[in-house]
Structure formats: structure tokens, C-alpha cells
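User: I have a structure to go through with you. Can we take it piece by piece?
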Amino acid sequence: MYLLELGGEDDAFAAREAASAATGLRRIAPGLAVAGGIVPERVRGLAYTHRASELLGRGDADLASARAVLEAASIDRSGSVAVRATDVHGSSGVRTDRVERELGQVLVDRGFSVDLDEPDHLLRVVFSEGVFEAGAGGNALERVGGEEDGDGAEPTGERVSVCALGWLAAESVRDFGTRAPTDKPFFQPGSMDPLLARAVANIAGARAGATVLDPMCGTGGVLVEAGLVGADVIGTDAQAKMTRGARENLRHFLERDETSPTGLERGSWHVGRGDAMRLPLADDAVDGVVFDAPYGRQSKIDTHRLEDLVSGALAEAHRVAPRAVVIADRSWAGEARAAGWELEASFERRVHQSLTRYVMVLERRSP
């Protein structure tokens with residue numbers, strides 16, 4: 001079992017992204033989830049998960065419980081250790097410095113040496129208390145990733161108190177600040193921030209060996225993030241200015257000799273001018289589709305009504321891929337179902353007072 005430390009304001013959305021790197025994932029408290037297994041290189045590419053640790057045990061959110069869990073645990077490793085404690089949102093009031101000292105002493109008493117700078121093993125101790133929320137506008141999935149772990153369903157709506165201990169196994173690479181929209185070679189107002197772009201790319205299936213398409217690629221932000229986790233990417237846009245700009249951004253971030261910050265080979269890329277309603281691709285040509293639909297009054301659409309454009313893009317996405325993630329300023333669920341999609345999950349991501357992004361996760365209906 002593994003412990004995942006979630007980030008962001010919407011745990012349900014974070015868990016949905018984390019399922020791209022884990023199996024049998026289930027939330028257990030605000031900011032925390034457990035999983036039956038993880039893929040470490042994918043964990044490194046997650047936007048809204050900070051760490052994954054090999055679960056040692058869990059109890060109530062207090063020092064005495066954490067100490068009891070550690071003293072009772074079987075530890076099959078040796079070498080130097082360090083203890084790092086976190087109180088999620090300051091919810092439990094536990095003094096983390098005291099936790100680190102006392103649990104460190106427990107490990108010393110069991111024969112370990114302490115190395116605070118470069119330990120062989122890092123013990124994560126995470127405390128969380130609070131009402132277990134379904135998510136900010138998202139539909140809660142009792143289990144994400146499909147596998148049972150025998151621990152029951154998420155206690156949505158209940159007040160929980162959890163302390164979980166685990167040996168650090170993988171950390172996400174927090175380099176998103178280096179790719180702020182305004183710092184890219186080509187920028188346009190309204191560009192998606194790299195955190196959300198990485199998350200929707202992961203949910204769409206971006207990984208080494210996969211191909212991800214954005215048929216309304218704009219400045220190419222989603223394609224950059226998909227390429228940095230190893231996916232090959234394809235983009236189209238109806239505006240020549242955008243295709244030129246997207247090429248500039250993709251060339252800048254993906255055409256480098258060194259591996260990406262996640263440690264993976266950067267994906268290949270291709271961008272061309274095209275109509276999202278008539279894609280020049282064969283059926284089932286890609287593994288996943290992501291697109292950020294035009295936003296109503298702020299969008300300029302020269303050739304199609306907005307409703308026709310989104311409906312046509314959904315139909316084409318259904319033809320070329322088994323999964324799609326759609327981001328928009330409203331729910332297009334009815335149009336998605338009409339195009340043959342099944343709505344697997346939906347979330348609301350508040351950007352500012354006048355803009356909420358709706359994220360739909362779509363799967364092909366079973367025959």
C-alpha cells in the first residue's frame with residue numbers, strides 16, 4: 001500500500017489525476033489518499049500530488065498514535081533515516097517539530113542512524129483532520145483506478161482524524177513556475193496555467209509511448225506538459241497565428257537533448273493548421289484528446305457557431321480516441337453524450353470571480 005499526499009484545493013480532482021500514476025486509489029482524509037500500487041516515474045510528473053510513500057501504518061491524528069504505529073511497525077530496512085512531518089492545512093494542531101524529534105528517537109532506539117541532509121530513508125508522517133468533502137464542484141468517485149483494497153468506501157461527509165506514516169518512494173517535480181504562460185516564447189491572454197495543463201494531460205493518458213492530441217491547441221500549453229511526461233503530441237488550431245506560436249513553444253520546451261525534469265525522454269511533436277471538426281487523422285489514431293473549448297463571449301469564431309464547433313470537435317475526438325478531457329467555461333455534457341461519450345467525471349475549477357473552468361473526463365461508451 002502507498003500513501004499519497006494530494007495538493008490543490010480540490011482533492012477529488014487531485015485524486016483523479018493521481019489515478020494516472022496509481023492503482024486502487026482511495027481518499028482517506030483531506031489531502032490524503034492511499035493506493036494499492038504506484039508507477040514512480042508517473043508520480044514525478046503529477047501536478048496535484050506532492051509525494052507517494054510506502055505506507056507503514058496509520059492511526060489518529062495525534063503524536064501518541066503516530067508513535068504507537070511506528071513502535072509496532074515491522075521495518076525491513078537499514079541505514080540512515082530522517083523524519084519529516086506535515087500537518088495538512090494546520091488541521092490537527094500537532095507540533096511537527098516535536099513529532100520529528102520523538103519519532104526520530106524511536107528509530108534511533110531501533111538501531112538507525114540519523115542523517116538530516118542525505119538519509120538513506122525518509123519517513124513521512126502526515127496528519128489530517130476535518131470533514132471529508134466530495135470536492136469543489138466535482139463528482140466524488142468512491143474509488144478511482146478500479147482496484148479494491150479492502151478498506152471500504154470514502155467516508156464522504158464524515159469528520160475524520162488520520163495520521164499516516166510511510167517511507168518516501170517518489171516525489172513530483174515542482175518546476176511549473178519555470179513555464180508560466182507569460183514566460184513562454186509565445187504568449188496569449190487566457191492561456192492555461194501549467195499546473196492545470198499537466199493535470200488534464202495526465203488524465204487524458206499522457207505518458208511514455210502514448211500519443212495525445214489537442215485539436216484546439218492555442219499556444220500549445222497542454223501539449224508542452226504532455227510532452228514533458230514522455231507523450232508524443234499532435235496539435236491543430238484554426239488560426240495560423242496560434243499554430244506558429246505553438247510550434248515556437250513546443251520547439252523551445254521539447255527539442256532539447258537532455259531528459260525532461262521528470263527524468264523521461266521528451267515526446268515528439270507535430271502542429272498544423274486545421275479544423276477540429278474535420279481532423280486529418282484515421283480512426284483510433286491517438287490515445288487521448290484534450291481541448292480547451294472557446295469561452296463564449298470572449299472567443300472569436302469566424303466559421304462556426306460555438307455550439308456547432310464544440311459538438312463537432314466532440315464527435316471527431318470520439319472517432320480518433322477512446323478518451324477525452326474537455327475544459328470549458330460551461331458544461332458541455334449534453335453535447336458529449338450526443339457524440340457518443342460517457343461522462344466519467346466532471347469538476348469545476350474556479351479561476352477568478354468571473355471565470356470557472358469546467359473539466360469533463362469522457363470515455364467511449366461500452367458497446
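Analyst: Yes. Keep in mind that this is a predicted model. Helix H1 can come first: H1 spans residues 11-18 and is mostly covered, with eight of its eight residues buried.

User: Which residues of H1 are the buried ones?

Analyst: They are Asp11, Ala12, Phe13, Ala14, Ala15, Arg16, Glu17 and Ala18.

User: What caps the N-terminal end of H1?

Analyst: Asp10 does. A side-chain oxygen of Asp10 lies 3.1 Å from the backbone nitrogen of Ala12.

User: Switching to salt bridges. How many does the count come to?

Analyst: The count comes to 22 salt bridges. One of them pairs the side chains of Arg179 and Glu225, at 2.7 Å from N to O.

User: Where do Arg179 and Glu225 sit along the chain?

Analyst: Arg179 is in the loop between strand E10 (159-171) and helix H5 (194-203), and Glu225 is in helix H6 (residues 221-228). They are 46 residues apart, so the pair links distant parts of the chain.

User: Buried or exposed, those two?

Analyst: Arg179 and Glu225 are both buried. Glu225 also forms a salt bridge with Arg198, where the closest N and O atoms are 2.9 Å apart.

User: What does the pair with Arg198 tie together?

Analyst: Glu225 lies in helix H6 and Arg198 in helix H5, so this salt bridge ties together parts that are 27 residues apart in sequence. Arg198 is buried, as is Glu225.

User: And Asp308, which residue does that one form a salt bridge with?

Analyst: With Arg305, the closest N and O atoms being 3.1 Å apart. Asp308 is partly exposed, because its relative accessible area of 36% falls between the 20% and 50% cut-offs.

User: Which residues do salt bridges with shared partners join into one network?

Analyst: Glu5, Arg51, Arg124 and Glu171.

User: Arg51 again, then. How far is its C-alpha atom from that of Leu123?

Analyst: The two C-alpha atoms are separated by 12 Å, and the residues are 72 apart along the chain. Leu123 lies in strand E9 and counts as buried, at 0% relative accessibility.

User: Now the surface. Which residues make the nonpolar patch?

Analyst: Val108, Val114 and Leu116 make a nonpolar surface patch of about 250 Å². Leu116 lies in the loop between strand E8 (113-114) and strand E9 (121-131).

User: Why does Leu116 count as exposed?

Analyst: Because its relative accessible area is 53%, and exposed means over 50%.

User: On to pockets. What volume does the second largest pocket have?

Analyst: About 280 Å³. Eleven residues line this pocket, and the closest to its centre are Glu9, Tyr48, Arg349, Arg350 and Val351.

User: Which element gives the largest share of that lining?

Analyst: Strand E16 (residues 341-352), with four residues.

User: Last one. Where is Ala321?

Analyst: Ala321 lies in the loop between helix H8 (306-320) and strand E15 (323-328). Ala321 is buried, with a relative accessible area of 0%.

User: How far is Ala321 from Ala282?

Analyst: From C-alpha to C-alpha, Ala321 and Ala282 are 9.8 Å apart in space, and they are 39 residues apart in sequence.

Technical notes
Residues are numbered from 1 along each chain as its sequence is written. This is a predicted model: local features need pLDDT of at least 70, side-chain atom pairs count only at pLDDT 80 or more; totals for chains, interfaces and linings use all residues. Side-chain values use heavy atoms; hydrogens and water are left out. Buried means under 20% relative accessible area, exposed over 50%, partly exposed in between (1.4 Å probe, protein chains only). Helices (H or I, at least four residues) and strands (E, at least two) are DSSP runs, numbered from the N terminus. A polar contact is a pair of N or O atoms within 3.5 Å; within protein, one must be able to donate a hydrogen and the other to accept it, and residues adjacent in sequence count only if both atoms are side-chain atoms. Patches are made of residues with over 30% relative accessible area and no salt bridge: like charges are joined within 9 Å, nonpolar side chains (Val, Leu, Ile, Met, Phe, Trp, Tyr) within 5 Å. Accessible areas come from the Shrake-Rupley method with a 1.4 Å probe; for residues, only the protein chains shown count as cover. A salt bridge is a side-chain nitrogen of Lys or Arg within 4 Å of a carboxyl oxygen of Asp or Glu. On a 1 Å grid over the protein atoms alone, a cavity is a set of points where a 1.4 Å probe fits but cannot get out, and a pocket is an open set with protein on both sides within 12 Å along at least five of seven lines; lining residues have an atom within 4 Å of a point. Grid points are joined across faces, edges and corners, and a volume is the space filled by probe spheres set on the points.
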